[in-house]
Amino acid sequence: MKAFALLALAGMSSLAFASESLETAVAQGTETEKYHYGMKLDVAKVISRSDTSTACGVVPAHITYEDHQGRVHRLEYMVFGEGCSNG
């Protein structure tokens with residue numbers, strides 16, 4: 001039982017380390033690329049994305065993602081904000 005608990009703890013710490021290193025890579029300044037129509041994207045995992053829930057109208061948004069080769073990308077694109085009210 002102790003061996004299982006030790007293995008589980010070791011597994012969780014390696015996941016925390018992987019997540020921490022990914023956040024470090026993002027924080028180190030991944031260059032922002034602007035989306036254009038027809039652009040081919042290789043998204044394996046979304047790391048973060050902009051919150052447009054309070055924006056009204058067409059606004060720039062960002063998504064940070066990891067591709068299938070483990071590289072981190074940051075993409076800027078235009079989106080219609082969700083915060084417009086009709087009254």
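This is a short dialogue on reading strands, a disulfide and a surface patch in a predicted model.

Visitor: Let's start with the strands. How many bridges join E3 to E4, and do they run parallel or antiparallel?

Guide: Pairing is read from the bridges between two strands, at least two of them. Here E3 and E4 run antiparallel, with eleven bridges joining them. One pair to look for is Thr 64, which stands opposite Arg 74 in E4. The two strands form a hairpin with five residues between them, and Gly 70 in that turn has a positive phi of about 90 degrees.

Visitor: And which way does E1 run relative to E4?

Guide: E1 and E4 run parallel, joined by three bridges. Take Glu 33: its bridge partner in E4 is Leu 75.

Visitor: On to the disulfide. Which cysteines form it, and which parts does the pair tie together?

Guide: A disulfide is called when two cysteine sulfur atoms sit within 2.5 Å. The structure holds one: Cys 56 and Cys 84, with sulfur atoms 2.0 Å apart. Cys 56 lies in strand E3 and Cys 84 in the segment after strand E4, so the link ties together parts 28 residues apart in sequence. The link is right-handed, at 115 degrees about the S-S bond.

Visitor: Is Cys 56 buried or exposed?

Guide: Exposed means over 50% relative accessible area. Cys 56 is exposed at 52%, while Cys 84 is partly exposed at 31%.

Visitor: Last one: which residues form the nonpolar patch on the surface?

Guide: Tyr 35, Tyr 37, Leu 41, Val 43 and Val 46, with about 540 Å² of accessible area together. Tyr 35 is found in the loop between E1 and E2, and is partly exposed at 37%.

Terms used:
Residues are numbered from 1 along each chain as its sequence is written. This is a predicted model: local features need pLDDT of at least 70, side-chain atom pairs count only at pLDDT 80 or more; totals for chains, interfaces and linings use all residues. Side-chain values use heavy atoms; hydrogens and water are left out. Patches are made of residues with over 30% relative accessible area and no salt bridge: like charges are joined within 9 Å, nonpolar side chains (Val, Leu, Ile, Met, Phe, Trp, Tyr) within 5 Å. Accessible areas come from the Shrake-Rupley method with a 1.4 Å probe; for residues, only the protein chains shown count as cover. A salt bridge is a side-chain nitrogen of Lys or Arg within 4 Å of a carboxyl oxygen of Asp or Glu. Helices (H or I, at least four residues) and strands (E, at least two) are DSSP runs, numbered from the N terminus. Buried means under 20% relative accessible area, exposed over 50%, partly exposed in between (1.4 Å probe, protein chains only).
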